[in-house]
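Colleague: Got a minute to walk me through this one? I'd like to start with the fold and then get to the contacts.

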2 protein chains.
Amino acid sequence: MSISTVSRALNRGDQVAKSTRERVEEAAERLGYVPSGVASSLASGRMRNIGVLMPEMDRWFRSSVLAGIASTLGKHGYDLTLYTFASSAEQRRDVFHKFLRRQRLDGVITISMDMSPDETQELSRLRLPAISVGGSNSRRAPLSVDDVSLARLATEHLIALNHRVIGHIGGLGDAGINCDVPGDRQRGFSQAMEAAGLPAPASLFEPAEFTIEAGLRAAKQLLGRPGQRPTAIFAACDEIAIGAIIAAQQLGYRIPEDISVIGIDGHELSEIYALTTIDQFPRRQGELAANLILEDVTASDRSSARTEETALPYELAVRGSTRLLHD
Amino acid sequence: MSISTVSRALNRGDQVAKSTRERVEEAAERLGYVPSGVASSLASGRMRNIGVLMPEMDRWFRSSVLAGIASTLGKHGYDLTLYTFASSAEQRRDVFHKFLRRQRLDGVITISMDMSPDETQELSRLRLPAISVGGSNSRRAPLSVDDVSLARLATEHLIALNHRVIGHIGGLGDAGINCDVPGDRQRGFSQAMEAAGLPAPASLFEPAEFTIEAGLRAAKQLLGRPGQRPTAIFAACDEIAIGAIIAAQQLGYRIPEDISVIGIDGHELSEIYALTTIDQFPRRQGELAANLILEDVTASDRSSARTEETALPYELAVRGSTRLLHD
DNA sequence: CCAGGGTCCGGAAGCGCTTGCGAAATGGCC
DNA sequence: GGCCATTTCGCAAGCGCTTCCGGACCCTGG
């Protein structure tokens, strides 16, 4: 039995008789033989390896997406190479200009980061299919929920419950280098308020990063401010919303009797806090992203590079943190 | 200028005149040339790639360790390939018997998982240096805090505060396939209680997985049970502790007036809940693990395979969730 | 001025696989 | 049973680097 027959039997199974293939597989199993990844990559040009780029793993959303990607890629026999750049511009440059150029990847998935034109160009120069999840205005075949609509929906939920004085916490991007999800959500909020003819004064907005701690601080600011107190708060993400709930409780407010709170994400903690939220199934987003990139990679030399956005499912999950306001 | 000179100039810089090296580097920079990773791996046998194995990314501890590893490896020009197996034994088998055998890795780091003898053997058959963090009785060069001591320390803190009736929540391993951190912490608890001559009846123990939700449920069970109510709770991890705090509050208990709570980990949320805990700096553990594995990999052909355990730092962080019991 | 020793560079042989191409074998049909 | 169509297999040429080895060159000291 020749080397080439073994290779064919193990790889694609075509062009080789069923019986020989079975013999080969049996022998490989017995010897514990698995073809060397680097050698087969070098020879075939296929890496069986997808890169995942993301700013940091500090948010629940991102690690959920990552988990979804990891499990899906694993199922298909692909490796997943992880690149993070914790707010260091230099590390980020290195990823694009050193690591990606080593040509170990068949494609990349980016999580909640917008690429600069330079980076996008680099990707196409390398002829690497890419898809991004959790970014808003990425340039190549983005996979994203429409954050503006999401925020509008959340705000409309509060308005439908008769709230008129609604505060918003969020809007602080990741140091500007990443995606503009916070900005989009703020815009959605404004749109909904405007459409309902409601004012959205600056005094009812408080900036915060996407963490519980920041949400807690911001909510205290917002609620402690003299002037008209909001009867409801739209938090840009669940972490902030949970922080807001804790802050409200610490200040003596009852949720939802005194203040309604709504978030976005479907965080694992949201159920515990009975948080009304918009679930966007991040893990499933990761799985979807992985499947799409695999399709792109397998597709005969990316002739059919998808460019249209793929809309993602989301779902208003009404729990106990929002309630009708009686006037 | 010949190919071999370029290779030498880019790789090790020795055996090549400074001036030529500079010329090569300048040219590479200008052309955006970076040597193909697979080709150089195949030729040299070095992969510049470390594998990270872990059960799932669902715990804060694990993603913190991962973040530390990722940033350290990136700084040294190494790729990080991530393998997870969400409780599926088959996936886990595949990782060890397919993915690792592809020989794309220079070494592996395992996070909070114990390897079966079969798996350990597989690793040494592949001559892969390995180090594990967050596991207790791993077999190769483990890097771990002594979970028994940690738990003893936490319990002793409560005892020193005059508590005599102390409950414990935890002890539920990850379906038995992973590491025995929960068991170790339970043992530490028992040891401390016994040493202080205090009883630790079954009624004061409640099993729980390492999540906030499970902690919440378990704490309600523990506190709702008729009979002697504990004045303090030692939670096996911060997630459980936070769940316990929330549960206690929901039941109307005040923390720490009515019940003291201590956890282990140093979770990002622990400050918000004023949780007394034992910080074990997981991110730093990840960085350390990465540095050690790089040492192992670089070391002239693993002649000096470390086998002794490396003790890790930890620190009792006393916050507001524990207080002296006046009798 | 020449020998000797260093330094620096180029040639060439792989690393372990994939795959196009042609040869061999197999099977079906008249 | 012979011939063609079809399947199945082996040969060999790479894939893009690394690295051993020998040769060219330069400098120094005698």
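**Sheet, dimer and DNA**

Modeller: Sure. In chain A, six strands make an open sheet with mixed pairing, in the order β7-β6-β8-β9-β10-β12. Bear in mind that this is a predicted model.

Colleague: Which are the edge strands?

Modeller: β7 (205-208) and β12 (315-317) of chain A, each of which pairs on one side only.

Colleague: And by how many degrees are neighbouring strands turned against each other?

Modeller: On average 20°, ignoring direction.

Colleague: Zoom in on β8 and β9 of chain A. How many bridges join them?

Modeller: Three, between β8 (residues 232-235) and β9 (residues 260-265) of chain A, and the two strands run parallel. I233(A) sits opposite V261(A) of β9(A).

Colleague: Which strands does helix α10 of chain A lie across?

Modeller: β6 (166-171), β7, β8, β9 and β10 (276-279), all in chain A. The helix covers residues 238-251 and runs at about 155° to β9(A).

Colleague: OK, switching to the two chains. What turn lays chain B on chain A?

Modeller: A turn of 180°, with a shift of 0.1 Å along the axis, and the RMSD is 0.2 Å. That's how a two-fold axis relates two copies. T81(B) has the C-alpha nearest the axis in chain B, 2.2 Å from it.

Colleague: How many residues are in contact between the chains?

Modeller: 36 residues of chain B contact 36 of chain A. On the chain B side, the elements supplying at least two residues each are α3 (37-44), α4 (60-75), β2 (79-84), α5 (89-99) and α9 (212-224).

Colleague: How does that side divide into nonpolar, polar and charged?

Modeller: The side of chain B that touches chain A has 18 nonpolar residues, eleven polar and seven charged.

Colleague: Why do you say the copies meet through the same surface?

Modeller: Because 100% of the interface residues of chain B are interface residues in chain A as well.

Colleague: Last topic, the DNA. Which residues come nearest to strand D?

Modeller: There are 23 residues around DNA strand D, and S4(A), S4(B), S7(B), S40(B) and A43(B) come nearest.

Colleague: Which elements give two or more residues to that surface?

Modeller: α1 (3-11) and α3 (37-44) of chain A, along with α1 (3-11) and α3 of chain B.

Colleague: And by class?

Modeller: Eleven nonpolar, eleven polar and one charged for the surface near DNA strand D.

Definitions and conventions:
Residues numbered from 1 in each chain as written. Chains lettered and ligands numbered in written order. Predicted model: local features only at pLDDT ≥ 70, side-chain atom pairs only at ≥ 80, totals over all residues. Contact = placed C-beta atoms within 7 Å. Helix = DSSP H or I, 4+ residues; strand = E, 2+ residues; numbered from the N terminus. Nonpolar A, V, L, I, M, F, W, Y, C, P; charged D, E, K, R; others polar. Near = placed C-beta within 6 Å. Pairing = 2+ DSSP bridges. Axes fitted to C-alpha atoms, helices over the stretch in contact; angles between N-to-C directions. Least-squares fit on C-alpha atoms with pLDDT ≥ 70 in both.
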